[in-house]
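Trainee: I'd like to go through this structure with you and ask how each label is earned. Could you show it to me?

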Amino acid sequence: MGELKVLYKGKWISYLINTDAEDHIIDDCVRLILRDYPKDAEIDWNDNPKIEINTLQNIIDRDNNERKQNYI
C-alpha cells in the first residue's frame, strides 16, 4: 500500500493506493484523485503508511478534537 496525501485548505487529505496494481492503473488512480485539487496543491507520497483501524467513535473523537484546536 501507498499513501497519497494532498494539502488542501490547510488540511492533509489521505488516500490509500494499492501499489500491487499495475503502474498504469496506479497512475490513472492518482490522476483521477488529483484532478479535484488545484494544480499547485502540495502533495506527498508515503510508501509504508501506518494504517490504523478506526471505530466510528474514534473518528468522531478525532474530528471533535480537531475542531476544538481550530477554535483556540
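Trainee: What makes the contact of Asp63 with Arg62 a salt bridge?

Mentor: Keep in mind that this is a predicted model. The closest N and O atoms of Asp63 and Arg62 are 3.7 Å apart. The cut-off for a side-chain nitrogen of Arg and a carboxyl oxygen of Asp is within 4 Å, so the pair counts as a salt bridge.

Trainee: How many salt bridges does the structure hold?

Mentor: There are two. The other joins the side chains of Asp28 and Arg31, at 3.0 Å from N to O, and that value also lies within 4 Å, so the name applies here too. In general, side chains of opposite charge can pair when their charged atoms come close.

Trainee: Where do Asp28 and Arg31 lie?

Mentor: Both belong to helix α1, three residues apart, which is about one turn of the helix. As for Arg62, helix α2 (residues 56-71) holds that residue.

Trainee: Why is Arg31 called exposed, and why is Asp28 called partly exposed?

Mentor: Set the values against the limits. Arg31 has a relative accessible area of 52%, and exposed means over 50%, so Arg31 passes. Asp28 has 37%, which falls between 20% and 50%, so Asp28 is partly exposed.

Trainee: And why do Asp63 and Arg62 count as partly exposed?

Mentor: The reasoning runs along the same path. Asp63 has a relative accessible area of 24%, and buried would need under 20%, so Asp63 is partly exposed. Arg62, with 38%, is also in between, so the label is again partly exposed.

Trainee: How do you know that Arg62 and Tyr15 are not in contact through their C-alpha atoms?

Mentor: Their C-alpha atoms are 18 Å apart, and contact means within 4.5 Å, so those two atoms do not meet that limit. In sequence, Arg62 and Tyr15 are 47 residues apart.

Trainee: Let's turn to the strands. What makes β1 and β2 a pair?

Mentor: Strand β1 (residues 2-8) and strand β2 (residues 11-17) share seven bridges in the antiparallel sense. Pairing needs at least two bridges, so β1 and β2 qualify. Within this pair, Val6 has Ile13 as its bridge partner, and Lys5 stands opposite Ser14.

Trainee: How do you know that β1 pairs with β3 as well?

Mentor: β1 and strand β3 (residues 42-46) have five antiparallel bridges, and at least two are needed, so this is a pair too. Here Leu7 of β1 is matched with Glu42 in β3.

Trainee: What makes Lys9 stand out?

Mentor: Lys9 has a positive phi of about 55 degrees although it is not a glycine. In general, most residues other than glycine have a negative phi. Lys9 sits in the loop between β1 and β2, a hairpin with two residues between its strands.

Trainee: Is Lys9 buried or exposed, and why?

Mentor: Lys9 has a relative accessible area of 74%, over the 50% that exposed requires, so Lys9 is exposed. Lys11, in strand β2, has 46%, which is not over 50%, so Lys11 is partly exposed. Lys11 touches Val6 and Glu66, leaving aside residues up to four places away in sequence.

Trainee: Which residues make up the largest nonpolar core, and what makes it a core?

Mentor: The seven residues are Leu4, Val6, Ile17, Ile26, Val30, Ile33 and Tyr37. β1 and α1 (23-34) each supply at least two of them, and α1 gives the most, with three. The residues of a core are buried, under 20% relative accessible area, and joined through side-chain atoms within 4.5 Å, so the name follows for this set. One of the seven, Ile33, touches Leu4, Tyr15 and Ile17, not counting residues up to four places away in sequence.

Trainee: Last one: why can Met1 be part of a nonpolar surface patch?

Mentor: Met1 has 46% relative accessibility, and a patch residue needs over 30%, so Met1 passes. Together with Leu16 and Ile51, Met1 makes a patch of about 300 Å². Met1 lies in the segment before β1.

Note on methods: Residues are numbered from 1 along each chain as its sequence is written. This is a predicted model: local features need pLDDT of at least 70, side-chain atom pairs count only at pLDDT 80 or more; totals for chains, interfaces and linings use all residues. Side-chain values use heavy atoms; hydrogens and water are left out. Helices (H or I, at least four residues) and strands (E, at least two) are DSSP runs, numbered from the N terminus. Patches are made of residues with over 30% relative accessible area and no salt bridge: like charges are joined within 9 Å, nonpolar side chains (Val, Leu, Ile, Met, Phe, Trp, Tyr) within 5 Å. Accessible areas come from the Shrake-Rupley method with a 1.4 Å probe; for residues, only the protein chains shown count as cover. Buried means under 20% relative accessible area, exposed over 50%, partly exposed in between (1.4 Å probe, protein chains only).
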